[in-house]
Structure formats: structure tokens, C-alpha cells
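Visitor: Please take me through one part of this model in close detail, then follow the chain outward from there. Keep it brisk, and give me residues and distances.

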Amino acid sequence: MKEKRRKSREAAADGDEGHVQGFAAYLAHNKGYTEHTVRSYVSDVRQFLAYLAEREQAATAETADDYVIRGFLSSRFAQNRKASLARKLSALRCFYRFLLLEGKVASNPAALLAMPKREQMLPNFLSVDDAFRVMEAPGDDSFIRARDRAMLEFLYGSGLRVSELVGLNLKDVKIDLQVLRVWGKGRKERIVPFGDKARQALEKYLVQREEVLLRRGPAEESARSDEGPLFLNRSGGRLTTRSVARRLDGYVRALRLPREISPHALRHSFATHLLDSGADLRAIQELLGHASLASTQRYTHLSLDRIMEVYDRVHPRAKKGQR
């Protein structure tokens, strides 16, 4: 009996693995999700399938119901924040939509569950002075440093997601118009402007880029084409999001800034500084590529919190003990 149960579980695991591989392809090619999102969703689904296999009454993806999914999310409550639990449920909803399309299930059990209410996390950001210090930290006296300077200018000056930055090709940049064609979440296209500082940094980097490619010879022809990546690594290939984060972290540490700053924090700084300068919220939404205005409205709360902090600290009628 135990041997029969073991073989049954192994067969179920093989079937589920096939679903996972198909799901990953569906996310990348049909939904147009970024590599990071695909990796996260697939990881969440694998975690769910491992939970199914470990249960006393083992189930498969095809036989699990909403009670089983609720049990999985409850089992993760101690280890994960609400935002992570919400992402796991989102991944499972998407997974079951895929299984519906494949004809493997008759309904989507994950759709029956309410999304966990997320904590209101205020985004991390830099002051204007610190943002300028970070932009200038790399310099431009080498290929790598000129590249880093241009990348940081685009992250802060245009508010790009790091995945959008590394996904840029040469053809996506119009230097004369000072605009970028960016492919955001869900492969949604938008046009984003960049300023004079970013243009100057980009022009210096492109000179260094071409000199490096010329030294390497014909083997680098693909990088010279319009389809070639804008930002190259040392080997002439496309940079990864992790590489960008490591480069930024090195400059932040050298500047001894009091907090950790990620590429996404530069995007938050871009939005916050625009809002503080009087930019329209709808315009910021378009620049950031947010599908919903609610995502952009976080920056309104952030600015209000800063205003209240200043008021409480300096206004004489706000201090305790004043009558």
C-alpha cells in the first residue's frame, strides 16, 4: 500500500512539474511578464505544490480546492508579510487561469479567496542633494563608470524600473528628441523623456561603448545593431538587474549614505521629487507607467507625512505643553 501511494505521489509530482513548465512559458510569452515576475510566480507555485505533496491527504494542482489553497496561505503566515501572501495568491490565481485554458481544471479555486489587505508601506527615497551625489559618484573616466553614470541618470531622471533599464535596446533611445521607448509590465509600451544631464551622460557612454566594441572586433557585431542592448556588461552582453543593484550599492556605500538604496528607491525618489515640485499626479502616473492611479497616490501620502513631520518639529503651536 505504501509503495502504491509513493508511486501515485511521484506520478502526480511529474504531472505538476509539467504544469509548472507550461505555466512559466505562458507567463513569459503569452502574458509578457518580466523575468523577475516569472521567476517569483513560478517559485510561489512550486512552494504550493510542495505543500500539496507534504499533506497527509496528498492532492495535486488539478484536485486542490479553495480550502486547500487557504491552508497553504495560512501555513505561510508566520514566514511572510501580507504583501508576499498577496503575491502568492495572485500567482495561484494566474496558475489556475492557465490550467483552465489548458483544460486541466473546471474552475479557478484561487479566485474564491479574498486578497490579503496589504500594509501601507511608504517607499524609500533620497533627498535631492543625496540623489545628485549618487548620480555623480561614478564619474565617466572609463567604460564601466560612464555606463554606470548613464544608468543612474535614467533610473533617477526618468523613473525607470530596473527591469526596464536593462531591457533597453539601442533603437529604443532617441537622443535628438531626448525620449526613451520603454517596455513596462505586461509588455506595455510608453514613451519617457530624459533630461540634459542624462543625455550628456549617455553620449559619453556611447563613445566609450563603441571604442570597446571596436577593440573586440567583428565578434561584437550583434551588440552594434539596433537590436543590441543599450547597456553592456564587461563581456559585451546584456546587464542583469542584479548587476545594476550591485553597482549602485557600491556607490552608495562609498558615499556612506545612512540607508540602503536600491534601484527602485531611485524611481521612488524621481516620483517624490516631481510631486514635491508641483507635478500633476496623472502626469507622474504616465511617466511611471502605473496602470492604476492608486499606485501613484502613495507618493501623495508620503509628501503629506513629510509635511506633518516638519510641522510637528518646528511650529510653536504643535509642540507639547504649548497653550
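**The strands and what surrounds them**

Guide: Strand β2 and strand β3 (residues 189-193) run antiparallel, joined by 5 bridges. Keep in mind that this is a predicted model.

Stay with that pair for a moment. Trp183 of β2 has Glu189 as its bridge partner in β3. The two strands form a hairpin, with 5 residues between them. Look in the turn for Gly186: its phi is positive, about 70°.

Now take the other neighbor of the strand. β2 also pairs with strand β1 (residues 173-174), again in the antiparallel sense, over 2 bridges. Here Leu180 of β2 stands opposite Val173. β1 and β2 form a hairpin too, with 4 residues between the strands. In that hairpin Gln178 takes a positive phi, near 55°.

Next, the faces. In a regular strand the side chains alternate between the two faces of the sheet. β2, which spans residues 179-183, has one face that is covered and one that is not. Leu180 and Val182 make up the covered face. Val179, Arg181 and Trp183 make up the uncovered one. Two of these names are already familiar. Leu180, on the covered face, is the residue opposite Val173. Trp183, on the uncovered face, is the bridge partner of Glu189.

Move on along the chain to helix α8 (residues 196-216). Side chains of opposite charge can pair when their charged atoms come close. Arg199 has two such partners to examine here. One is Asp196: this salt bridge has its closest N and O atoms 3.9 Å apart. Asp196 and Arg199 are 3 residues apart in the helix, so about one helical turn separates them. The other partner is Glu203, with closest N and O atoms 3.3 Å apart. Arg199 and Glu203 lie 4 residues apart in α8, about one turn of the helix. How open are these side chains? Asp196 is partly exposed at 44% relative accessible area. Arg199 is partly exposed at 21%. Glu203 counts as partly exposed at 34%. Elsewhere, salt bridges with shared partners join Asp44, Arg87 and Lys88 into one network.

How many salt bridges does the structure hold? It holds 15. One of them spans a wider stretch of sequence. Asp148 pairs with Arg247, and the closest N and O atoms are 2.7 Å apart. Asp148 sits in helix α6 (residues 143-157) and Arg247 in helix α10 (residues 241-255), so this salt bridge ties together parts 99 residues apart in sequence. The two ends differ in exposure. Asp148 is buried, at 1% relative accessible area. Arg247 is partly exposed, at 29%.

Finish at helix α3 (residues 66-75). Its buried residues are Asp66, Val68, Ile69, Phe72 and Leu73. Seen down the helix axis, they fall within an arc of 160°, so they line one face of α3. What covers them? The cover includes α2 (35-54) and α4 (82-101). At the N-terminal end of α3, Asp65 acts as the cap. One of its side-chain oxygens lies 3.1 Å from the backbone nitrogen of Tyr67.

Definitions and conventions. Residues numbered from 1 in each chain as written. Predicted model: local features only at pLDDT ≥ 70, side-chain atom pairs only at ≥ 80, totals over all residues. Heavy atoms only, no water. Buried < 20%, exposed > 50% of the residue type's maximum accessible area, 1.4 Å probe, protein only. Arc of directions from axis to C-beta. Contact = heavy atoms within 4.5 Å. Polar contact = N/O pair within 3.5 Å; in protein donor to acceptor, adjacent residues only side chain to side chain. Salt bridge = Lys/Arg side-chain N within 4 Å of Asp/Glu carboxyl O. Pairing = 2+ DSSP bridges.
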